[in-house]
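Here is a short briefing for a reader meeting this structure for the first time. Keep the view open while reading the points below.

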Amino acid sequence: MKNLESIAMLIDADNTQLSKLEAVIQEISAKGRIVVKRAYGNWRKETLKNWEEELKRLAIKAEQQFDYVSGKNATDMALVIDTLDLLHRGLYDAFVIVASDSDYTPLAIKLHESGVYVMGVGEKNTPVAFRNACDEFVFLENLNKTTDNHHGKNAGKSGGKKEMEAAETEEESQSDDMREIHKLLRIAWDKYQENDGYVNVSSAGQYIKRAKPDFDARTYGFSKLPDLIEAFPRKYSMKRYRGKGTVTIIAYKCL
């Protein structure tokens, strides 16, 4: 994915974690330049009393939205209206919706249809419809997460093949989701392999993101996709070779 030049980030304070706010900005900043940072909420609420200092520190504009009816907030509607207003200005190539609420699914679909890049950031319990309406979805639980990379290439150095095969058995027995990742890796290999039978991991990763927007290697305990693939030596053969300049290409083939 190309570097994004103008990102608008909109946060539903009622549907995200204050403790993860800085990590969210760091994650999005790796994609490109954030030019709009807004957080929406009724700041008079007791549950949002700790947000003020963090919003000031991170230079996030606080948008006040009062509750018009007791027991029902209007934050989501205010966020949607402002997002569409920003979209129609034609200044932004990406929008980030920080929330875990399925109510934002129509908004994500509308943004996607308009041709901009759409990111969602929310908890793992975010409904799948919202996650799949985005080009990319990041789980809050994966941010600031220290991944134990013993399943990756470091395991190959210290524990050898037996340890890696044990990791493979453990992962497959615990996760139906992991089996889906293996399926997508095989599809990517079928579609994008070169004449030597190997496929660039980068190409496979882009395909998996399109097919499963909430894919993140950190969800499965790996820092990057190559580490995940390397942890399953009975399924994949890997190789590394020099690309242009100092770039190292990592590729795999299914066994």
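Glycine 90 follows helix 3 and has a positive phi, near 70 degrees. The model is predicted. The points below start with helix 3 and move on to its surroundings.

**Helix 3**
- Helix 3 spans residues 75-89, 15 residues in total.
- From its first C-alpha to its last, helix 3 reaches 22 Å, close to the 21 Å expected at 1.5 Å a residue.
- Its buried residues are Thr75, Ala78, Leu79, Val80, Thr83, Leu86 and Leu87.
- Those buried residues pack against three strands and a helix: strand 1 (4-12), strand 2 (32-41), strand 4 (94-98) and helix 4 (105-113).

**Helix 4**
- In helix 4, the buried residues are Thr105, Leu107, Ala108 and Leu111.
- These residues lie on the same side of helix 4, because they cover an arc of only 160 degrees around the axis.
- The face turned away from that buried side carries the exposed residues Pro106 and Glu113.
- The cover over the buried residues of helix 4 includes helix 3, strand 4, strand 5 (117-122) and helix 5 (128-133).
- Glycine 115 comes just after helix 4 and takes a positive phi of about 95 degrees.

**The parallel sheet**
- An open sheet of 6 strands runs in the order 3-2-1-4-5-6, with parallel pairing.
- Strand 3 (61-64) and strand 6 (136-139) stand at the edges; each has a single partner strand, so one side of each is left without a neighbour in the sheet.
- On average, neighbouring strands of this sheet are turned by 20 degrees against each other, direction ignored.
- Strand 5 pairs with strand 6 in the parallel sense, over 4 bridges.
- Glycine 122 stands opposite phenylalanine 139, which belongs to strand 6.

**The antiparallel sheet**
- A second open sheet has 3 strands in the order 7-9-8, and its pairing is antiparallel.
- Its edges are strand 7 (199-200) and strand 8 (236-242); each has a single partner strand, so one side of each is left without a neighbour in the sheet.
- Strand 8 and strand 9 (residues 248-254) pair in the antiparallel sense over 7 bridges.
- Serine 237 has lysine 253, in strand 9, as its bridge partner.
- Helix 8 (residues 176-192) lies across strand 7, strand 8 and strand 9.
- Helix 8 runs at about 105 degrees to strand 9.

**Aromatic pairs**
- How many aromatic pairs does a search of the whole structure find? The search finds 8.
- In one pair, the ring centres of tyrosine 92 and phenylalanine 95 are 6.0 Å apart and the planes stand at 75 degrees, so the pair is edge-to-face.
- Both tyrosine 92 and phenylalanine 95 are buried.
- Tyrosine 104 and phenylalanine 130 form a tilted pair, 6.3 Å centre to centre, with 45 degrees between the planes.
- Tyrosine 104 lies in the loop between strand 4 and helix 4, and phenylalanine 130 lies in helix 5, so the pair ties together parts that are 26 residues apart in sequence.
- Tyrosine 104 counts as buried because its relative accessibility is 1%.
- Phenylalanine 130 counts as buried too, at 0% relative accessibility.
- Tyr104, Phe130, Phe137 and Phe139 form one aromatic cluster.

Conventions
Residues numbered from 1 in each chain as written. Predicted model: local features only at pLDDT ≥ 70, side-chain atom pairs only at ≥ 80, totals over all residues. Heavy atoms only, no water. Helix = DSSP H or I, 4+ residues; strand = E, 2+ residues; numbered from the N terminus. Expected span 1.5 Å × (residues − 1). Buried < 20%, exposed > 50% of the residue type's maximum accessible area, 1.4 Å probe, protein only. Contact = heavy atoms within 4.5 Å. Pairing = 2+ DSSP bridges. Axes fitted to C-alpha atoms, helices over the stretch in contact; angles between N-to-C directions. Arc of directions from axis to C-beta. Phe/Tyr/Trp six-rings, centres within 6.5 Å; stacked < 30°, edge-to-face > 60°.
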